[in-house]
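Biologist: Hello! I am new to this one, so could you show it to me and let me ask how you know what you say about it?

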Amino acid sequence: MDILLLGAQGSGKGTQADILAAKLGTPHVASGDLLRDAINRDTSTGKQAKVYYDRGDLVPDAIMVAMFLERLAEPDCANGVILDGFPRTLAQAEALDQALASVGRSVERVIYLKADPNVLVQRLANRYICRARQHPYNLITNPPKRPGICDIDSSELYQRSDDTEEAVRRRLAIFFSETIKLLDYYGERGKVREVNAEQSIQDVTRSILQVLDMQR
Ligand code: AMP
């Protein structure tokens, strides 16, 4: 089953995608993680993307579509994925639909994690991720057990280069002007379910499983 988590930065997409991936045994594929990995490894795609990434701008569709579809073609993605951060534009959504349709699949559910922009800014200011595998933490709502260390793999926690106040404002503005259009795109196809992302992590998970008819 292919499930898209749609929400602004700070809505908890990554956290919920990790939880869902573990519960459903489906890989969590995050476009931001793919980009950070390419930038860290200094690949040619990483070099091209870095300038957009650091400013908080969208990376051009051609780069993103190629990178994401390449990942989706890997064997572990053959039975469905939890999509996080892609698509973010209508062109990306159309490219994804085409690629999935060519293998008899489609995005079955779009979960919109809805939260007030003020809550999002507050969350992003306190967000840290781990060096090794980008596990997300929030110093207030979801702190690590040992300060500065990932609970899961013990790697160092750091603040993302695009979590500066200016880049955060830019990214939220892009979400609410551009990516939000995907709600209409998938809404017209009857796929969207809205979840209140201002609840606790556990309650958001419960709400997602409810709208997916998967309470367990
Ligand atoms: P994220 O980790 O999802 O917040 O993404 C971090 C940054 O990566 C974004 O601010 C963009 O610069 C870039 N990015 C991630 N996914 C996409 C996408 N689907 N399209 C364009 N840019 C993206």
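Modeller: Helix α2 (residues 31-41) gives the most to the shell around the ligand, with four residues. This is a predicted model, where local features need pLDDT of at least 70 and side-chain atom pairs count only at pLDDT 80 or more, while totals for chains, interfaces and linings use all residues. Residues are numbered from 1 along each chain as its sequence is written, and side-chain values use heavy atoms, leaving out hydrogens and water.

Biologist: What makes α2 a helix?

Modeller: A helix is a DSSP run of H or I with at least four residues, a strand is a run of E with at least two, and both are numbered from the N terminus. α2 covers residues 31-41, so it counts as a helix.

Biologist: Which residues are closest to the ligand?

Modeller: Ser 31, Asp 57, Gly 85, Arg 88 and Gln 92 are the closest of the 16 residues that surround the ligand. To be near, a residue needs a heavy atom within 4 Å of the molecule.

Biologist: Why is the pair of Arg 88 and the ligand called a polar contact?

Modeller: A polar contact is a pair of N or O atoms within 3.5 Å; within protein, one must be able to donate a hydrogen and the other to accept it, and residues adjacent in sequence count only if both atoms are side-chain atoms. A polar side-chain atom of Arg 88 lies 2.9 Å from a nitrogen atom of the ligand, so the pair qualifies. Backbone N or O atoms also lie by ligand nitrogen atoms, at 2.9 Å for Gly 85 and 3.0 Å for Val 59.

Biologist: How do you know that His 28 makes polar contacts?

Modeller: Its side chain is 2.8 Å from that of Asp 18, and a polar contact of 2.8 Å also joins it to the side chain of Asp 84. Both values are within 3.5 Å, so both pairs fit the term. His 28 is in strand β2 (residues 28-30).

Biologist: What makes Asp 42 stand out?

Modeller: Asp 42 has a positive phi of about 60° although it is not a glycine. Most residues other than glycine have a negative phi, and most peptide bonds are trans. Asp 42 is in the loop between α2 and α3.

Biologist: Why is the peptide bond from Phe 86 to Pro 87 called cis?

Modeller: That bond has omega near 0°. Pro 87 lies in the loop between β3 (82-84) and α5 (90-101).
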